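Visitor: Please walk me through this structure. I would like to start with the ligand and then look at a residue of the protein.

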Amino acid sequence: MTSDLRLFLREFRDTYRTTGAIAPSGRALARALGRYVPPPNGSTAPRRILEVGPGTGAVTCALIRALAPSDTLDLVELNDRFASRLRERMAHDPEFRPAAARMRLFHQSVEELPREPAYDVIVSGLPLNNFAVEDVRRLLDVMRQRLAVGGVLSFFEYVWIRGLKALVSGREERGRLRGIAATMQALLNEQEIHRDLVWTNLPPAWVHHVRRKA
Ligand SMILES: C[S@@+](CC[C@H](N)C(=O)[O-])C[C@H]1O[C@@H](n2cnc3c(N)ncnc32)[C@H](O)[C@@H]1O
């Protein structure tokens, strides 16, 4: 077992609500999350990218590969052990090295990030289905507010997860899951520009991409 998988399993046990997964995302999911990171139409203007909840950095590696040379990548991670692992990778990992000088790690909640300057692309790994409905609404709002107009937010959820959870849950939990579904659907109806279905992830996942209009 790799040390990152061990770390994930431990954090899943100790901080289940905010970790939300037993293993780092697979490569195909990471690539789909980074769909809007490469500059559009060969543009060379520097872009600001933010990854929310990078964990051990599985998605970060895909984002680094997609960055243009003048782009910057900020990471915001709440969990102490994941933040230490990311710091270590930024200092020593050859996969992080090409962008290390253009990366910053914020060890805090995404809600504490300053509103300005805005980001061109935000990639979120937050386990939204684990949170209360008000928290999901607030976190989605926070991320959209930190996007430049025209910027893209990409986030994922596991396929069928709410339906499967609802099957084994009581009334209150089913109400929470319905509230999250309605909150996400309202955003997707208004602003979704593309979605990817990643069958090869374990479990399979939807990746949603929404563009901030105004
Ligand atoms: C499902 S894991 C995803 C990890 C990684 N992106 C991946 O795909 O392998 C969720 C991550 O979000 C982080 N997280 C949860 N709430 C957060 C918050 N409010 N601000 C920043 N990070 C948060 C967790 O600590 C964890 O690293």
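Guide: A definition comes before the tour. A polar contact to the ligand is a pair of N or O atoms within 3.5 Å. Keep in mind that this is a predicted model.

Visitor: How far is a polar backbone atom of V110 from a nitrogen atom of the ligand?
Guide: V110 is among the closest residues around the ligand. Its polar backbone atom pairs with a ligand nitrogen, and the cut-off for such a pair is 3.5 Å. The distance is 3.1 Å.

Visitor: What percentage of the ligand's exposed area does the protein bury?
Guide: Taken alone, the ligand exposes 600 Å². The share of that area buried by the protein is 97%.

Visitor: Which elements give two or more residues to the shell around the ligand?
Guide: The ligand is surrounded by 23 residues. They divide into two charged, nine polar and 12 nonpolar. The elements that give two or more are α2 (16-19) and α4 (58-66).

Visitor: Which residue has a backbone N or O atom 3.4 Å from a nitrogen atom of the ligand?
Guide: Take the backbone contacts in turn. G55 has a polar backbone atom 3.3 Å from a ligand oxygen. That partner is an oxygen, and the question asks for a nitrogen. The residue at 3.4 Å from a ligand nitrogen is L78.

Visitor: Is L29 buried or exposed?
Guide: L29 sits in helix α3 (residues 27-33). It touches F156, V198, N201, A205 and V207, leaving aside residues up to four places away in sequence. Its relative accessibility is 0%, and the limit is under 20%, so L29 counts as buried.

Methods. Residues are numbered from 1 along each chain as its sequence is written. This is a predicted model: local features need pLDDT of at least 70, side-chain atom pairs count only at pLDDT 80 or more; totals for chains, interfaces and linings use all residues. Side-chain values use heavy atoms; hydrogens and water are left out. A residue is near a molecule or strand if one of its heavy atoms lies within 4 Å of it. A polar contact is a pair of N or O atoms within 3.5 Å; within protein, one must be able to donate a hydrogen and the other to accept it, and residues adjacent in sequence count only if both atoms are side-chain atoms. Accessible areas come from the Shrake-Rupley method with a 1.4 Å probe; for residues, only the protein chains shown count as cover. Helices (H or I, at least four residues) and strands (E, at least two) are DSSP runs, numbered from the N terminus. Ala, Val, Leu, Ile, Met, Phe, Trp, Tyr, Cys and Pro count as nonpolar, Asp, Glu, Lys and Arg as charged, and the others, Gly among them, as polar. Buried means under 20% relative accessible area, exposed over 50%, partly exposed in between (1.4 Å probe, protein chains only). Contact means heavy atoms within 4.5 Å.
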